[in-house]
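Colleague: Please take a close look at one part of this model, the largest pocket. What lines the largest pocket, by class?

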Amino acid sequence: MLAEWIGRIVVAGGMGLSGVLLIILGRYAAEDLFDRKDLAGIRTANTLASEEAWTAAHIRASRPAKVAGGVTILAGAWLLLPVSFSTALTGLVSITMVAAAIVGYCFLVGDRAAAKVLSKSEMRDCDVKQP
């Protein structure tokens with residue numbers, strides 16, 4: 001019984017720290033503190049195409065990243081509830097899958113924002129005056 005609770009506390013702590021990290025990364029993205037050369041960030045062909053696209057992608061993905069961090073913290077807190085181990089594990093896996101889906105959504109909306117910026121810049125570049 002004690003070993004189970006120690007394990008729950010350790011995993012809950014890890015989930016909590018992961019959630020805090022996601023929230024911090026979301027804040028950094030919103031403040032445009034990532035460079036394209038940095039380790040963190042959304043790395044797709046669209047986001048790497050220009051600095052403007054990189055910035056737009058990370059600003060757009062910042063809110064879902066913070067939500068994913070909150071959901072991850074919730075997953076850790078779920079483990080600390082006085083429920084059976086199987087219920088705790090089922091809840092942990094379910095909530096973690098939701099958090100992972102939200103992180104995937106971050107990449108999707110970020111890439112779409114970058115593509116939108118690129119299409120606008122291409123339209124500006126291709127603007128040809130008709131005689």
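Modeller: Read from start to end, the chain follows the pattern α-α-α-α, with 4 helices and 0 strands; helices (H or I, at least four residues) and strands (E, at least two) are DSSP runs, numbered from the N terminus. This is a predicted model, where local features need pLDDT of at least 70 and side-chain atom pairs count only at pLDDT 80 or more, while totals for chains, interfaces and linings use all residues. Residues are numbered from 1 along each chain as its sequence is written, and side-chain values use heavy atoms, with hydrogens and water left out.

Now the pocket. On a 1 Å grid over the protein atoms alone, a pocket is an open set of points with protein on both sides within 12 Å along at least five of seven lines, and lining residues have an atom within 4 Å of a point. The largest pocket holds about 240 Å³ of space, a volume being the space filled by probe spheres set on grid points joined across faces, edges and corners; the probe is 1.4 Å. Its lining has 16 residues, and Leu25, Ile42, Ala65, Cys106 and Phe107 lie nearest the centre.

By class, the lining of the largest pocket has 12 nonpolar, 4 polar and no charged residues. Here Ala, Val, Leu, Ile, Met, Phe, Trp, Tyr, Cys and Pro count as nonpolar, Asp, Glu, Lys and Arg as charged, and the others, Gly among them, as polar.

Helix H1 (2-30), helix H3 (51-79) and helix H4 (85-125) each supply at least two residues of this lining. H3 gives the most, with 5 residues.
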